[in-house]
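Open the model in a viewer and keep the selection panel at hand. The stops below say what to select and what is there.

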Amino acid sequence: MSVTAGERLPKSVSVIQRGLDVLAATQDAEGSWYGDYGGPQFLIPIYVTGLHVMGRTPEPAQREGLIAYLRNHQNADGGWGLDVEAPSQVFTSVLNYVALRLLGVGEDDAGLRKARQWFLPRGGPLSSGAWGKIILALLGLYEYGGLQPIPPELWLLPESLPFHPSRLWCHCRMVYLPMSWLYGRKARAPETPLLAAIRHEIFDGTYAQVDWAAARERVSPTDVFTPRTFWLKAANQVMYGYERLAGARLRARSLDFALEQIRAEDEATHYICIGPINKVLNMVVWHFVNPEGPEVRAHLERLPDYFYEGADGVRMNGYNSSELWDTSFAVQAVAATGETERHRPMLEEAARFIEANQVLEDTPEPQRFFRHPSKGGWPFSTRDHGWPISDCTAEGLKASLVLEPLGLNRVPQARLQDAVQFILSMQNEDGGWATYELQRGPKLLELLNPSDVFSTIMVDVSYVECTSACVQALAAWRKHHPVPDARVDQAIARGADFIRRAQREDGSWIGSWGVCFTYGTWFGVNGLIAAGALPEDMALRRATAFLRSYQRSDGAWSEVVESCRQARWVEGKQGHAVNTSWALLTLAAAGEQSSDAAQRGVRWLRERQQADGRWPPEPIAGIFNRTCAIHYDAYLRIFPVWALAVCDKR
Ligand code: LAN
């Protein structure tokens with residue numbers, strides 16, 4: 001039988017080509033992929049609260065979009081979850097209720113009535129997770145005496161103490177920094193008839209009778225992921241005591257200290273700030289310091305960076321974007337397909353973005369502001385944001401090295417070298433890599449986590465994802481730049497060791513930033529292989545056996561956010577293209593791309609592609625702090641193409 005040219009092509013080719021066309025068509029002018037980075041449902045209320053405290057309201061078009069979004073993501077029971085897929089919590093239900101009221105929705109609105117019916121019997125604001133109470137206090141809808149204390153004086157304690165705020169994970173530190181300033185000042189919006197009405201509604205008329213000391217301890221079971229420990233309660237007792245005695249001089253000094261730190265963060269990030277929460281809270285702080293001042297103006301100018309309009313309305317993104325991250329993956333996916341000539345323009349544009357967004361300098365006075373040196377790192381989003389991250393640097397470096405032999409890399413060698421130095425400077429003593437900084441405090445600090453709703457927020461610790469990405473990048477660098485460097489060799493070996501130690505009994509790795517075991521295992525396996533693990537390595541065999549054991553009968557893999565919350569495999573209703581892609585990338589990396597399991601996965605993935613070249617929407621694949629889902633818009637356009645390409649290479 002004669003074989004036609006078409007049949008000689010690997011079967012996935014047309015699927016891949018259509019997928020690549022979608023990727024090319026959705027690239028934006030800067031060369032990156034910009035999209036929906038929503039999911040968390042506590043961001044809009046914090047934003048609307050911030051504006052309200054400042055006597056502002058969103059522009060009418062945005063206002064409509066925000067209302068639409070909140071209505072679209074209200075649960076059937078009337079509440080709102082921590083994220084758009086989560087069951088209702090008091091924290092997010094009360095806050096989103098208040099947000100809708102501040103946006104002009106009337107108290108008799110059917111949706112709002114339903115919301116009250118959900119949260120009032122559960123205790124309303126009094127049993128909200130901790131952050132809800134803090135935000136309500138800003139509006140004067142909750143008393144400061146009913147909060148767990150956040151004294152700014154903590155910043156004045158000796159830095160050598162294991163619980164000095166500078167040792168906290170930067171996201172936690174940067175959120176509690178303006179919170180401590182606002183707490184220290186007992187900052188509160190001016191009273192208005194609207195606020196008085198809302199107070200009446202959310203407390204069902206009982207505000208005057210509230211026992212605020214008792215309220216401090218209350219939290220609804222719906223809002224508890226991380227129960228308050230004995231140690232946290234003890235620390236709170238000490239701080240309540242302190243708060244009653246706090247002297248004005250020390251308070252003033254600590255407020256000044258906090259304000260200086262806030263200014264440094266604002267300036268280092270061009271007023272974007274590390275994330276959406278400190279963005280809004282820092283702006284509110286400046287409003288209290290100087291309402292018409294240049295800082296408030298600068299903040300207002302960078303607010304739009306956080307908003308994205310989708311078919312379901314306007315959301316506040318969880319970051320100013322995920323552009324660098326997605327662009328680095330997109331480059332690696334396109335390169336894996338081998339279609340680099342046809343898609344040269346796409347790669348050229350992406351290369352331009354990657355070059356333009358490497359961080360070139362340290363922040364001013366890094367020690368004084370508790371910053372790790374930044375030079376050479378890549379951020380998750382953009383250079384303006386400026387906080388480099390271990391694995392974003394690794395992916396930026398990997399993408400640059402993939403572009404190099406194609407003649408498309410635009411990052412000078414000296415800057416690639418800087419990226420390597422940055423990665424080396426970020427390796428922890430345990431051999432792993434954390435996210436933004438070295439591990440600065442003991443893991444036990446997590447026992448003081450006061451957030452109720454999040455886990456693992458206190459200390460930046462080594463993660464398999466970050467470690468694997470850094471090991472892969474260093475290994476790629478070693479290949480590209482074969483001048484022997486013992487530090488690189490040693491870092492790779494120590495990283496691989498960490499990865500081995502992090503492997504679970506069942507052969508998997510748990511993911512912390514993606515859902516969940518397919519994500520973690522993709523990193524675990526690729527890290528070990530980059531470090532030189534051979535196909536017969538037991539760690540790899542155990543990992544692929546784990547994945548095969550969770551493959552569905554239709555050939556797909558499927559995990560949901562509950563996997564992360566429960567730390568055990570929880571399957572979705574259908575196969576998921578992103579999980580399937582991660583599993584296939586892992587099997588292929590371990591040399592099993594021709595296996596029956598891989599080929600069944602490939603078939604499922606191919607058949608799942610729509611006529612328009614996209615894969616249909618599916619549940620959220622991103623996660624943070626073990627509990628909150630966050631949507632990575634580009635993953636469905638990047639990973640299936642990448643996985644099919646890799647499995648085609650026999
Ligand atoms: C992110 C986004 C990127 C993500 C990766 C780079 C993918 C990961 O490998 C390391 C961790 C990191 C940097 C990460 C940490 C937590 C973030 C910053 C987020 C998920 C985006 C939003 C989230 C942040 C904490 C949201 C604000 C909420 C708080 C609890 C402070």
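Start with Leu51, a buried residue with a relative accessibility of 4%. The model is predicted, so every value on this tour is computed from predicted coordinates. Leu51 sits in helix H3, which covers residues 43–53. Show its surroundings: beyond the neighbours within four places in sequence, Leu51 is in contact with Arg56, Thr57, Pro58, Met283 and Leu303. For a distance across the model, pick the C-alpha atoms of Leu51 and Leu360; they are 33 Å apart, with the two positions 309 residues apart along the chain.

**The two annotated ranges**

Select residues 17–302, which UniProt lists, in an unreviewed entry, as "domain: Squalene cyclase N-terminal". Over this range the chain is 55% helix and 1% strand, and the C-alpha atoms at its ends are 37 Å apart. Then select residues 322–646, listed by UniProt, again in an unreviewed entry, as "domain: Squalene cyclase C-terminal". Here the chain is 49% helix and 2% strand, with 24 Å between the end C-alpha atoms.

**Asn282 and helix H13**

Go to Asn282, in helix H13. Is Asn282 buried or exposed? Asn282 is buried, at a relative accessible area of 1%. Leaving out neighbours within four places in sequence, its contacts are Pro178, Ile262, Glu265, Asp266, Cys273 and His299. Add Ile46 to the selection: Asn282 and Ile46 are 236 residues apart in sequence, and their C-alpha atoms are 12 Å apart in space.

**The nonpolar core**

The largest nonpolar core has 206 residues. To find your way into this core, select Phe42, Val98, Trp131, Ile202 and Leu397, the residues with the most contacts inside it. Stay on Trp131 and display what it touches: Phe91, Val175, Tyr176, Met179, Ile277, Ser451 and Phe454, residues up to four places away in sequence not being counted.

**Helix H9 and the loop after it**

Arg199 lies in helix H9. Which residues does Arg199 touch, not counting residues up to four places away in sequence? They are Gly140, Leu141, Arg188, Glu191 and Tyr207. Arg199 counts as buried because its relative accessible area is 11%, under the 20% cut-off.

Move along to Asp204, in the loop between helix H9 (193–202) and helix H10 (212–217). Asp204 is exposed, with a relative accessible area of 55%.

**Backbone geometry**

Most residues other than glycine have a negative phi, and most peptide bonds are trans. Three places to inspect with that in mind follow.

- Asp204 has a positive phi, near 55°.
- Tyr271 also has a positive phi, near 65°. Look for Tyr271 in the loop between helix H12 (248–268) and helix H13 (276–289). Tyr271 counts as buried, at 14% relative accessibility.
- Val515 and Cys516 are joined by a cis peptide bond, with omega about -25°. Cys516 is in the loop between helix H20 (486–502) and helix H21 (517–530).

**A helix pair: H15 and H17**

Two packed helices are described by the angle between their axes and the distance between the axes. Select residues 323–337 for helix H15 and residues 390–403 for helix H17: the angle is about 35°, and the axes are 9 Å apart. The crossing of H15 and H17 is left-handed.

Which residues of H15 and H17 make the contact? On the H15 side they are Leu324, Trp325, Ser328, Phe329, Val331, Gln332 and Ala335. On the H17 side they are Asp391, Cys392, Glu395, Gly396, Lys398, Ala399, Val402 and Leu403. Colour this contact by residue class: nine of its residues are nonpolar, three polar and three charged.

**Last stop: Ala634**

Keep Gln332 selected, a residue of H15 in the contact with H17, and add Ala634. The C-alpha atoms of Gln332 and Ala634 are separated by 13 Å, although the two residues are 302 residues apart along the chain. Ala634 is in the loop between strand E6 (628–630) and helix H26 (635–648). With a relative accessible area of 3%, Ala634 is buried.

Note on methods: Residues numbered from 1 in each chain as written. Predicted model: local features only at pLDDT ≥ 70, side-chain atom pairs only at ≥ 80, totals over all residues. Heavy atoms only, no water. Axes fitted to C-alpha atoms, helices over the stretch in contact; angles between N-to-C directions. Helix = DSSP H or I, 4+ residues; strand = E, 2+ residues; numbered from the N terminus. Left-handed = near helix turned anticlockwise from the far one by under 90°. Contact = heavy atoms within 4.5 Å. Nonpolar A, V, L, I, M, F, W, Y, C, P; charged D, E, K, R; others polar. Core = buried A, V, L, I, M, F, W, Y, C linked by side-chain atoms within 4.5 Å. Buried < 20%, exposed > 50% of the residue type's maximum accessible area, 1.4 Å probe, protein only. UniProt positions renumbered as here; feature names shortened; annotations may be inferred.
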